[in-house]
Amino acid sequence: MPATVGRRADRLATVRRVTSRVDRRIVVRVSIVAAVAYAAWLAIGAFGRPYNFFDMKIYHGAVVWWATGHELYEFVAPETTLGFTYPPFAGLVMLPMAHLPIEAAGMVNALASLAAMAVVLAGLLRPIVDRLGWSLWYTVALAVPLAAAIEPARETLGYGQVNLLLFALVIADLIGLRWRSRRGTHVAPEDGALLRFVYSGAWAGVGIGLATAVKLTPALFIVYLMITRQWRAATTAIATTIGVTVGSFAVVGVESRAYFGGVLWQTERVGAADMTPNQSLAGLLARLYDSIETPGLLWFSFSVLILALGLSRAAQSHADGDELTAFTLVGLTANVISPISWTHHLVWVIPAIIVLADAAVRRRDASRGLTPRSGPSGPYSGLPGVNGLRPPIWYPTLTGLRHGVAAVALYLLFLVSPIWPYEHQLPEESHYQDGLFGALMENSLALALIVLVAAMPWRPGAEPVFYADRMGRQPAAARR
């Protein structure tokens with residue numbers, strides 16, 4: 001009996017020690033997350049602008065105006081020349097907030113956007129943290145405040161914009177394609193029909209279709225799906241866009257005719273091309289020419305070139321099994337070639353930073369022989385190794401350093417956002433008033449986007465399921 005009591009006491013002491021270590025670890029991690037969140041809040045205060053839900057006030061005022069019997073696109077916000085610029089479907093989605101005070105509507109949008117960003121980051125980081133053996137919740141808890149602090153996210157949250165919600169719709173299709181390529185094999189037969197449908201990924205394309213119905217630029221993802229012959233997702237996206245648009249015509253025909261018959265083509269409703277927040281190619285050229293308007297032929301020529309470059313690189317990334325980088329390249333390309341890309345539109349730098357950081361880790365691990373194989377059809381299959389690891393590849397000691405530096409530099413650029421100290425607008429001030437350096441800083445975000453489209457690396461086999469699915473459809477000789 002005494003021996004039994006002693007063993008029980010030993011086991012209880014062991015459990016207490018383990019529990020104590022786990023509790024301390026949780027406390028430490030929560031403290032670190034809180035510190036990062038506080039640092040992000042300070043960074044927003046230091047580098048951000050005064051935020052007062054400016055855009056949300058326009059949307060809220062427009063739907064209140066509409067709900068009281070007026071025409072949606074006749075609304076002009078007080079003390080401005082700005083009105084509602086989104087398609088009628090977006091107006092229908094926003095209509096319920098007419099019953100909320102403006103501050104409440106802004107907070108609901110901010111909380112929904114933060115929740116959407118957390119879900120998106122979980123989906124994007126899941127393959128990476130699984131490979132590295134990290135904690136998903138801890139990684140996402142750190143990533144959310146870090147992402148919220150940079151220019152596109154803080155502008156979206158502070159002005160009451162919808163870009164993070166549209167971003168989540170597009171990324172949902174990326175995750176749906178990932179699930180679809182697995183063909184639902186990880187769903188048990190006894191699971192319900194709804195769960196099997198969700199994990200089948202058969203719905204992939206709906207998110208892009210809805211995003212396109214709200215804002216036209218996500219339509220470039222449909223072009224990408226067609227180029228890469230992902231026909232089912234492309235068809236679903238097109239059908240969703242058409243269905244939602246036609247449905248809006250049936251419900252609010254007057255507003256639909258007003259939008260597609262005139263408002264859509266009134267580019268002056270959103271502002272002049274040379275405004276500093278417009279970090280697209282069109283804005284860059286307008287500022288370089290020190291003109292309110294973009295030189296049309298030059299912009300069109302360079303846009304076609306960047307469009308071809310971005311889509312071709314995205315298709316190559318898809319072929320090499322890195323769908324995240326492919327989607328990121330398409331999103332960045334859309335930002336560059338759009339006539340207006342305000343800084344809050346540039347949310348695709350978030351996955352770009354993730355891709356660059358992961359590329360640095362992958363290359364560093366590869367030089368040490370620490371990267372697991374990608375499977376029988378992965379890019380490293382056939383290589384000798386021990387315990388499932390590839391052998392060391394004797395790259396230079398600083399392997400992956402340039403990608404890591406690029407990830408940090410890109411994050412710091414969009415955190416500090418050096419465009420604002422050099423903000424100018426014609427005709428009051430020339431864009432060259434602060435010299436060549438000032439002009440460079442005022443266009444720095446646009447230049448970074450163009451460099452990313454042209455030079456961002458992709459990670460062969462980063463999505464092993466996509467890669468294996470593609471390789472499995474090729475003849476054996478081609479695989480060899």
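# Asking around a helical model

Q: At 63% relative accessibility, does Arg229 count as buried or exposed?
A: Three classes are in play: buried is under 20% relative accessible area, exposed is over 50%, and partly exposed is in between, with a 1.4 Å probe and protein chains only. Since Arg229 has 63% relative accessibility, it counts as exposed.

Q: What kind of model are we looking at?
A: Residues are numbered from 1 along each chain as its sequence is written, and side-chain values use heavy atoms, leaving out hydrogens and water. Local features need pLDDT of at least 70, side-chain atom pairs count only at pLDDT 80 or more, and totals for chains, interfaces and linings use all residues, this being a predicted model.

Q: How many helices does the protein have?
A: Helices are DSSP runs of H or I with at least four residues, strands are runs of E with at least two, and both are numbered from the N terminus. The strand count is zero. The helix count is 21.

Q: What is phi of Arg229 near?
A: Arg229 is found in the loop between helix 10 (219–227) and helix 11 (231–251). Most residues other than glycine have a negative phi. Arg229 isn't glycine, yet its phi is positive, near 60°.

Q: Which loop residue has a phi near 55°?
A: Look in the loop between helix 13 (281–288) and helix 14 (296–319). The residue there is partly exposed, at 27% relative accessibility. This is another positive phi in a residue other than glycine, and the residue is Asp290.

Q: How far apart are the end C-alpha atoms of helix 15?
A: The expected span of a helix is 1.5 Å times one less than its number of residues. Helix 15 (residues 323–337) has 15 residues, so it should span 21 Å. The model agrees, with its end C-alpha atoms apart by 21 Å.

Q: How many residues of helix 15 are buried?
A: Helix 15 is mostly covered. Out of its 15 residues, the number buried is 15.

Q: How many of the 19 residues of helix 7 are buried?
A: Helix 7 covers residues 163–181, and its end C-alpha atoms are 27 Å apart, as expected. It is largely enclosed by the rest of the structure, because the number of its residues that are buried is 15.

Q: Which helix gives the largest share of the nonpolar patch?
A: A patch uses residues with over 30% relative accessible area and no salt bridge, joining like charges within 9 Å and nonpolar side chains (Val, Leu, Ile, Met, Phe, Trp, Tyr) within 5 Å. Here Met226, Trp231, Ile238, Ile242 and Val246 form one on the surface, with about 480 Å² of accessible area together (Shrake-Rupley, 1.4 Å probe, with only the protein chains shown as cover for residues). Met226 is found in helix 10, but the largest share, four residues, comes from helix 11.

Q: Which side chain of opposite charge is nearest to Glu255?
A: Glu255 is found in helix 12 (residues 253–261), and its contacts (heavy atoms within 4.5 Å) include Trp66 and Tyr73. Lys and Arg count as positive, Asp and Glu as negative, while His and the chain ends are not counted. Glu255 is buried yet has no salt bridge (a side-chain nitrogen of Lys or Arg within 4 Å of a carboxyl oxygen of Asp or Glu). At 7.4 Å away, its nearest opposite charge is Arg257.

Q: How far apart in space are Leu401 and Arg364?
A: Leu401 is in helix 17 (residues 401–416). Along the sequence, Leu401 and Arg364 are 37 residues apart. In space, C-alpha to C-alpha, the distance is 8.0 Å.

Technical notes
Lists of a residue's contacts leave out its neighbours within four places in sequence.
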